[in-house]
Amino acid sequence: MEWEIIPFVGMGPIRFGMSPADVANLVGVPETTDNRPNGIREFRAVDVPIVAYENGAVTEIEAFYDVKNVTFRGRNIFEENGLAILQFLERENGGASLDVGIVMFERIGVTA
């Protein structure tokens with residue numbers, strides 16, 4: 001499956017605002033679910049993103065290197081050199097912020 005990141009819209013076929021049932025129809029039912037104070041996180045196979053919900057709607061989509069074909073504006077995030085990808089994201093965002101080991105690209109809605 002292709003997992004194109006579309007800023008503030010979604011990733012691959014998963015869109016922000018979708019319900020758990022909508023996501024399950026697209027990528028299958030979760031293998032495990034983690035209940036949180038404000039929502040849930042769903043975990044599927046290692047090659048499918050982790051999806052978090054608040055108030056029954058997708059609010060976060062996480063992908064790690066096991067998820068293949070994660071792209072942003074034509075660049076394959078996990079297949080290219082990590083430093084080159086961070087520099088690319090910084091240029092696309094117009095800068096970056098650091099917070100507790102996380103690099104944030106607020107204008108394009110991506111963290112690394």
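Here are some friendly notes on the strands, salt bridges, surface patch and helix of this structure.

1. A word on the source before the details. This is a predicted model, so please read the contacts and distances below in that light.

2. Let's start with strand β6, which spans residues 50-54. Four of the five residues in β6 are buried, leaving the strand mostly covered. It has a partner in β5, residues 39-43, and the two run antiparallel with four bridges joining them. If you want a residue pair to locate this contact in your viewer, take G39, which stands opposite E54 of β6. The connection between β5 and β6 is a hairpin, with six residues between the strands.

3. β6 also pairs with β7, residues 57-62, again in the antiparallel sense, and here the count is five bridges. Y53 has V58 of β7 as its bridge partner. β6 and β7 form a hairpin as well, with two residues between them. One backbone angle there may catch your eye: N55, in the turn, has a positive phi of about 50°.

4. Now for the charged pairs. The model has four salt bridges, and three of them are described here and in the next two points. One joins E62 and R41, with the closest N and O atoms 3.0 Å apart. This pair links distant parts of the chain, as E62 belongs to strand β7 and R41 to strand β5, 21 residues apart. Are the two partners buried or exposed? E62 has a relative accessible area of 18% and is buried. R41 is buried too, at 15%. Both values fall under the 20% cut-off that defines buried, so anyone assigning protonation states may like to have them at hand.

5. A second salt bridge brings together the side chains of R73 and E92, at 2.6 Å from N to O. R73 sits in the loop between β8 (70-72) and β9 (75-76), while E92 is part of helix α2, so the bridge ties together parts that lie 19 residues apart in sequence. R73 is partly exposed, with a relative accessible area of 46%. E92 also counts as partly exposed, at 34% relative accessibility.

6. Another of the salt bridges is formed by the side chains of R75 and E80, with an N to O distance of 2.7 Å. For R75 the relative accessible area is 22%, which makes this residue partly exposed. E80 is partly exposed as well, with a value of 30%.

7. On the surface, look for a nonpolar patch made by F64, Y65 and F78. Together these residues have about 340 Å² of accessible area. F78 is found in the loop between β9 and α2. Its relative accessible area is 30%, so F78 is classed as partly exposed.

8. Helix α2 covers residues 82-93. The helix has 12 residues and reaches 16 Å from its first C-alpha to its last, close to the 16 Å expected at 1.5 Å a residue. Which residues of α2 are buried? They are I85, F88, L89 and N93. Viewed down the axis of α2, the buried residues fall within an arc of 125°, so they line one face of the helix. L83 and R91 are exposed, on the other side of α2.

9. Further along there is an open sheet of three strands, ordered β10-β11-β12 and paired antiparallel. Its edge strands are β10 (97-99) and β12 (110-111), each of which pairs on one side only. Between β11 (residues 102-105) and β12 the antiparallel pairing rests on two bridges. M104 stands opposite T111 in β12.

10. A last point concerns I102, which has its place in strand β11. With a relative accessible area of 40%, I102 is partly exposed. How far apart in space are I102 and A112? Their C-alpha atoms are 5.7 Å apart, although the two residues are 10 residues apart in sequence.

Note on methods
Residues numbered from 1 in each chain as written. Predicted model: local features only at pLDDT ≥ 70, side-chain atom pairs only at ≥ 80, totals over all residues. Heavy atoms only, no water. Buried < 20%, exposed > 50% of the residue type's maximum accessible area, 1.4 Å probe, protein only. Pairing = 2+ DSSP bridges. Patch = residues over 30% accessible without salt bridge, like charges linked within 9 Å, V, L, I, M, F, W, Y side chains within 5 Å. Areas by Shrake-Rupley, 256 points an atom, 1.4 Å probe, with all protein chains shown as cover. Expected span 1.5 Å × (residues − 1). Arc of directions from axis to C-beta.
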